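Work through the exercises below with the sequence and the model open. Try each task before reading its solution.

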Amino acid sequence: MRVLGIESSCDETACAIVENGRHLLANEVASQIELHARYGGVVPEVASRQHLLAIIPTVRQALDKASTNWQDLDAIAVTRGPGLAGSLLVGVSMAKALALAWEKPFVGIDHLEAHIYANWLGEAEPEFPLLCLIVSGGHTDLILMQDHGNYIPLGHTRDDAAGEAFDKAARILGLGYPGGPAIDRAARTGTSVLSLPRAWLPGSYDFSFSGLKTSIYRLAEDDKITSASDAAASFQEAVVEVLVGKTLAAAREHRVHQILISGGVAANSCLRARLAQESPLPVIMPPPILCTDNAAMVAACGYFRLRQGAIDNFDMDVIPDLELICAENRR
Ligand code: KG4
Ligand code: ZN
């Protein structure tokens with residue numbers, strides 16, 4: 001089964017074609033990063049207008065790259081939430097238009113569930129039960145996945161998401177936007193010398209990063225940061241230590257077979273190295289290009305959702321605050 005995936009929830013216009021949920025035939029991403037960099041963050045209206053310009057060329061490129069014509073496609077999967085309403089509408093309208101014209105079934109996908117499915121695009125198929133750590137710009141979640149579509153939330157962030165914390169810290173340190181990759185780069189030449197707080201929140205798998213952000217802010221205000229690279233390394237170490245510590249504890253308690261990581265922060269080199277080093281269990285991580293937003297993960301997820309019988313009607317709407325693994329969002 002060949003699924004065409006469309007992703008437009010934030011600042012990447014993406015289209016991909018995936019066979020049987022696992023084999024990538026094309027993965028096109030038109031990034032808007034440069035457009036938003038001058039504002040230091042994503043500007044929603046600018047994002048939706050840019051999606052409108054980029055969506056048709058991106059779909060065409062994906063078909064070309066896969067050397068496929070639309071007759072060979074079996075279905076369309078599109079992100080319906082969470083994300084920016086205006087941005088989501090562009091992708092969902094495109095998917096509906098294609099489904100109507102091509103007479104193909106289509107399915108709306110939860111962006112976070114799609115991030116998890118980036119892990120099905122690697123060589124080895126993940127084995128249930130799995131522990132999923134989703135770390136993106138908007139979310140930080142630990143989820144027990146017992147089967148396709150069977151999720152138990154174990155913990156989430158109580159304030160900033162991990163990616164959001166990276167972005168804010170980078171802004172304080174003057175490292176630019178997007179902050180995650182900037183901190184990752186700067187930290188390579190720095191040493192973790194600052195003593196920064198870790199919110200362990202004992203007895204829970206929840207996270208909190210706002211105290212850490214405030215502490216970087218105070219140090220900067222008091223002119224106590226003499227090296228941005230050292231500060232970046234210290235900040236990254238503090239975030240990664242908590243992410244790894246809680247993930248390994250949850251994996252132990254729930255006796256999972258494997259750990260999966262996904263979302264933009266899963267591209268972080270320190271997080272990847274530390275998890276691989278410290279985990280007694282196999283850790284599956286998508287290549288960095290499939291950690292950040294893409295449509296391959298949407299198409300992969302779409303395949304498994306369609307196999308479960310999920311097909312949407314043309315009255316399907318976007319849900320900007322869609323919550324993953326929320327029973328009422330499941331049919
Ligand atoms: O998953 P994603 O592309 O979009 C959302 O769904 O939010 O995640 C974007 C987030 C941003 O906050 C970005 O700074 C962060 O992922 N990020 C990273 C790295 N690459 C992207 N954070 C840390 N290290 C990285 N290498
Ligand atoms: Zn994302």
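**Exercise 1. The largest pocket**

Which helices and strands each supply at least two residues of the lining of the largest pocket? Then describe the lining by size and class.

Solution. Keep in mind that this is a predicted model.

Step 1. List the elements. Strand β3 (23–31) qualifies, along with α4 (111–117), α5 (162–172), α6 and α10 (288–291).

Step 2. Rank them. α5 gives the most, with six residues.

Step 3. Find the centre. The lining has 43 residues, and C10, D11, S136, G137 and D167 lie nearest the centre of the pocket.

Step 4. Add the volume, about 1200 Å³.

Step 5. Sort by class. The lining holds 17 nonpolar, 16 polar and ten charged residues.

**Exercise 2. α6 against α8**

Determine how α6 and α8 cross, and list the residues that touch.

Solution.

Step 1. Take the geometry. Helix α6 spans residues 179–187 and helix α8 spans residues 228–253; their axes come within 8 Å and cross at roughly 110°.

Step 2. Classify the angle. Angles of 65 to 115 degrees count as roughly perpendicular, so α6 is roughly perpendicular to α8.

Step 3. Assign the hand. α6 passes α8 in a left-handed crossing.

Step 4. Name the contacts. α6 contributes I183, D184, A186 and A187, while α8 contributes S229, A232, A233, F235 and Q236.

Step 5. Sort by class. This contact has six nonpolar, two polar and one charged residues.

**Exercise 3. α5 against α8**

Are α5 and α8 roughly parallel or antiparallel to each other? Identify the contact residues too.

Solution.

Step 1. Take the geometry. The two axes come within 11 Å and cross at roughly 165°.

Step 2. Apply the cut-off. Angles over 145 degrees count as roughly antiparallel, and α5 and α8 are therefore roughly antiparallel.

Step 3. Assign the hand. The crossing of α5 and α8 is right-handed.

Step 4. Name the contacts. A165, F166 and A169 of α5 meet F235, Q236 and V239 of α8.

Step 5. Sort by class. Five residues of this contact are nonpolar, one is polar and none is charged.

**Exercise 4. α8 against α9**

Describe the packing of α8 and α9.

Solution.

Step 1. Take the geometry. Helix α9 covers residues 269–278; it packs with α8 at an angle of about 35°, and the axes are 10 Å apart.

Step 2. Assign the hand. α8 passes α9 in a right-handed crossing.

Step 3. Name the contacts. From α8 come Q236, E237, V240, E241, L243, V244 and L248; from α9 come C270, L271, R274, L275 and E278.

Step 4. Sort by class. The contact of α8 with α9 divides into seven nonpolar, one polar and four charged residues.

**Exercise 5. Backbone checks**

Locate two cis peptide bonds and two non-glycine residues with positive phi.

Solution.

Step 1. Start with G81 and P82. A cis peptide bond joins them, with omega about -10°. P82 is in the loop between β4 (75–81) and α3 (85–102).

Step 2. Move to F128 and P129. Their peptide bond is cis, with omega about -5°. P129 sits in the loop between α4 and β6 (130–135).

Step 3. Check L201. Its phi is positive, about 45°. L201 lies in the loop between α6 and α7 (210–221).

Step 4. Check D223. Its phi is positive, about 55°. D223 lies in the loop between α7 and α8.

Technical notes. Residues are numbered from 1 along each chain as its sequence is written. Chains are lettered from A and ligands numbered from 1 in the order in which they are written. This is a predicted model: local features need pLDDT of at least 70, side-chain atom pairs count only at pLDDT 80 or more; totals for chains, interfaces and linings use all residues. Side-chain values use heavy atoms; hydrogens and water are left out. Axes are lines fitted to C-alpha atoms, for helices over the stretch in contact, and angles run from 0 to 180 degrees between N-to-C directions. Helices (H or I, at least four residues) and strands (E, at least two) are DSSP runs, numbered from the N terminus. Angles under 35 degrees count as roughly parallel, over 145 as roughly antiparallel, 65 to 115 as roughly perpendicular and the rest as oblique. A crossing is left-handed if the near helix is turned anticlockwise from the far one by less than a right angle, and right-handed if clockwise. Contact means heavy atoms within 4.5 Å. Ala, Val, Leu, Ile, Met, Phe, Trp, Tyr, Cys and Pro count as nonpolar, Asp, Glu, Lys and Arg as charged, and the others, Gly among them, as polar. On a 1 Å grid over the protein atoms alone, a cavity is a set of points where a 1.4 Å probe fits but cannot get out, and a pocket is an open set with protein on both sides within 12 Å along at least five of seven lines; lining residues have an atom within 4 Å of a point. Grid points are joined across faces, edges and corners, and a volume is the space filled by probe spheres set on the points.
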